[in-house]
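User: I am new to this structure and would like to go through it in questions and answers. Please show it first.

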Amino acid sequence: MRFPAHLLGLAAASLLALSGCGKEAPPPPQAAAPAEAPAKPAVTVRIGHVAPLTGPQAHLGKDNENGARLAIEEANAKKLEIGGALVTFELLGEDDQADPKQGTTVAQKLIDDKANGVIGHLNSGTTIPASKLYAEAGIPQVSPSATNPKYTQQGFKTAFRVMANDEQQGKVLGGYATHQLGAKNIAIVDDRTAYGQGVADEFEKAAVAGGARIVAREFTTDKATDFAAILTRIKSKKPDLIMYGGMDAQAGPMAQQLKKLGIRTKMIFADGGCTTEFHKLAGDASEGHYCSLPGVPLEKMPGGQAFKEKYAKRFNVDIQLYAPYSYDAANVMIDAMQRAGSVEPAKYLEALPKTAFDGVTARITFDEKGDVKDGAITLYEAKDGKWQALETIGGAPAPGGATGGTPAAEAGAAPTPAAAAAEEKK
Amino acid sequence: MDTFIQQIINGLVLGSIYALVALGYTLVYGILGLINFAHGEVVMIGALSALTVIKLLAGSGLPGIAVVAIGVLVAVPLCMALGYGIERVAYRPLRQAPRLAPLITAIGMSIVLQQLAMIFWGRNYHSFPPILPETGREIGDAYISDLQIAILLLAAAIMAGLMLLINRTRLGRAMRATAENPQIAGLMGVNINAIISATFLIGSALAAVAGVMVSANYSIAHYQMGFILGLKAFTAAVLGGIGNVPGAMLGGLLLGLIESLGAGYIGDLTGGFLGSHYQDVFAFFVLILVLVFRPSGLMGEKVAERA
């Protein structure tokens with residue numbers, strides 16, 4: 001029953017690859033389509049999208065690409081005019097295999113293809129080295145999901161992101177672990193990627209500041225499936241919480257192996273593990289673990305429900321994780337082009353920092369570094385095979401009053417112990 | 001102490017899976033002098049095809065063990081056919097070619113199989129349905145699940161059976177003869193092609209079983225799972241002496257134990273200076289040490305000309 005969806009996705013991907021290849025060489029990037037354009041010149045705008053489409057994170061990568069694709073298809077359907085010309089957007093979907101080396105290779109390819117802008121990459125480890133190339137080429141880059149703080153700290157004018165970074169997330173997680181969950185002895189595992197290590201380091205700082213002791217610091221990789229050895233070691237240290245910095249493909253099996261080893265300690269992890277896939281992989285061992293996601297829950301996003309339905313209708317699969325963010329990232333870029341009245345990177349780059357866009361995820365505005373302002377972070381607990389939102393910390397008030405009385409935006413609450421939210425702990 | 005016992009159990013389970021996969025490498029190397037880099041992919045296809053069957057039958061009301069057994073029974077012939085096909089397509093036409101050529105086709109085969117699996121099974125992770133009983137035993141404070149006991153026993157039984165096959169049957173004798181010198185064995189009336197095919201069939205059957213074990217034990221299967229597993233198993237085969245069947249078993253178990261104990265104790269031994277991310281470094285360091293002192297592996301014999 002799953003096959004049609006996958007085949008569909010694959011067919012789409014291969015079509016894309018074909019069309020990408022076909023168009024690579026001949027036409028200059030702004031070739032006029034002569035067909036039925038009486039007066040208005042037509043312009044093709046190439047928007048690059050980079051994420052791992054093969055390898056252990058391929059499911060997340062495809063999800064990101066789908067989000068951006070949806071935004072671009074909608075923009076095309078609207079027949080936008082920018083600077084007096086009818087624009088058609090074209091998505092150049094590239095695969096970086098979550099590998100920093102491959103990331104720079106495809107970044108160079110997009111630059112050579114004269115992409116007008118880039119959505120991506122998915123991982124911090126690939127986004128950071130690629131951002132240097134985009135900056136040198138003057139191509140604006142909006143990452144939907146790279147959360148390592150370093151990405152926007154390099155001083156590149158072209159680097160933006162629409163998601164709260166690890167510093168904010170690690171801080172919130174660490175504060176939550178020590179204050180709300182009352183953890184005193186914490187074990188930390190990370191997967192040695194820029195993302196996993198980054199969020200684990202920030203968590204450690206915040207947890208230590210909150211009075212916890214780090215009893216073990218263990219490591220794995222983003223390709224591992226066997227964690228018995230490190231978990232056994234952690235078991236001997238008797239922590240009351242285990243923090244994992246990494247992705248769902250490891251967090252899920254790790255939860256299972258915890259259970260198999262008879263360890264009842266719960267895990268807490270950041271957005272990489274906060275997926276529906278986690279429940280699938282962890283099975284009945286998923287209960288009671290915690291995670292955080294930048295932004296507010298999909299149901300509580302201003303346009304969450306509508307987006308979910310649109311997405312399911314178009315791609316015939318459920319949203320994995322970051323699709324709403326890549327959708328917003330693409331829309332932010334298109335919005336900047338419209339406001340600037342130009343699709344030239346140099347021109348609309350001026351308009352990007354002044355973004356104030358009501359996206360699916362939130363109202364998106366950027367600070368001076370290119371980070372999304374007031375990024376909200378929501379904590380979840382696994383219950384009955386689903387992530388249930390516990391509370392949202394920080395974040396701008398959602399626009400349009402779409403939250404309707406839910407506690408989504410307990411706005412302004414700093415990551416300090418909110419006295420109110422202390423009931424569901426044990 | 002309990003932690004130590006637990007690490008030994010972890011290592012043995014991991015090691016016996018490595019050993020089963022390593023046998024596939026070593027059998028083929030012993031006979032053809034070829035490293036079948038597509039072997040890890042056979043493991044992956046075994047795991048995913050068994051999982052497909054198991055998922056189909058999971059709701060049928062059959063007992064979990066029977067469902068898994070049916071999954072294995074489907075995966076084994078499928079992988080045997082696959083192994084046979086790989087040999088016919090990628091290796092047999094190149095048997096007289098320079099050594100590098102079949103090595104390249106092996107890597108090519110591995111990539112092709114991975115992509116085919118990605119098309120067929122998709123990019124997502126597949127989880128193993130919770131149909132096996134989750135009972136287990138406590139040894140002190142250490143814990144071993146019945147599934148892990150079953151993996152250990154089954155792996156031991158298969159290896160014992162393989163040793164019998166190689167040392168006590170006509171087929172085994174023909175395999176040993178072919179390994180020693182294919183031309184002479186051919187002159188003595190051994191059908192070389194049939195023996196080589198049989199070797200691939202046996203290796204692939206072991207791979208299928210190992211694939212199911214991995215996916216059952218770690219509850220996860222993915223089209224790329226074969227790569228790292230294959231690499232580790234290949235390392236195990238080299239550690240034990242590639243081409244040597246008991247060597248592959250010993251190498252597999254040792255590698256599993258080294259990884260497990262390495263991850264568990266490096267941190268304590270070095271006062272926190274090195275952590276569990278040095279687990280692979282540690283494993284390969286042991287491999288280098290062994291190869292320095294015993295270049296043909298722990299149990300490898302010095303064979304003139306070949307190997």
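User: Is A:E202 buried or exposed, and what is its relative accessible area?

Analyst: This is a predicted model, in which local features need pLDDT of at least 70 and side-chain atom pairs count only at pLDDT 80 or more, while totals for chains, interfaces and linings use all residues. Residues are numbered from 1 along each chain as its sequence is written, chains are lettered from A and ligands numbered from 1 in the order in which they are written, and side-chain values use heavy atoms, with hydrogens and water left out. Buried means under 20% relative accessible area, exposed over 50%, and partly exposed in between (1.4 Å probe, protein chains only). A:E202 is therefore buried, with a relative accessible area of 11%.

User: With which residue does A:E202 form a salt bridge?

Analyst: A salt bridge is a side-chain nitrogen of Lys or Arg within 4 Å of a carboxyl oxygen of Asp or Glu. The partner of A:E202 lies three residues away, about one turn of the helix, and both are in helix 7 (residues 194-209) of chain A; helices (H or I, at least four residues) and strands (E, at least two) are DSSP runs, numbered from the N terminus. The partner is exposed, with a relative accessible area of 55%. The closest N and O atoms are 3.3 Å apart, and the residue is A:K205.

User: Which residue meets A:E218 in a salt bridge, and at what N to O distance?

Analyst: A:E218 is buried at 1% relative accessible area, and its partner counts as buried at 9%. The pair links distant parts of the chain, 15 residues apart: A:E218 is in strand 8 (residues 213-219) of chain A, and the partner is in helix 8 (residues 228-237) of chain A. The side chain that meets A:E218 is that of A:R233, at 2.4 Å.

User: Which residue forms a salt bridge with A:R192, and how far apart are the closest N and O atoms?

Analyst: A:R192 is partly exposed, with a relative accessible area of 31%. Its partner is buried, at 0%. Shared partners join both into one network with A:D201, A:E204 and A:R217. The partner is A:D190, and the distance is 3.2 Å.

User: How many salt bridges are found over all chains?

Analyst: The pairs above, including A:E202 with A:K205, come under a search of the whole structure. Over all chains, the number of salt bridges found is 26.

User: Which residues does a cis peptide bond join?

Analyst: One partner of this bond lies in the loop between strand 4 (117-120) and helix 4 (124-137) of chain A. Omega is about 0 degrees, and the residues joined are A:G120 and A:H121.

User: What is the phi of B:S219?

Analyst: B:S219 lies in the loop between helix 8 (192-218) and strand 4 (220-221) of chain B. At 5% relative accessibility, B:S219 counts as buried. B:S219 is not a glycine, yet its phi is positive, at about 55 degrees.

User: How many residues are in the largest nonpolar core?

Analyst: A nonpolar core is a set of buried Ala, Val, Leu, Ile, Met, Phe, Trp, Tyr and Cys residues joined through side-chain atoms within 4.5 Å. Among the members that touch the most others are A:F203, A:M243 and A:I268. Leaving aside neighbours within four places in sequence, A:F203 has contacts (heavy atoms within 4.5 Å) that include A:M243 and A:I268. The number of residues in the largest core is 106.
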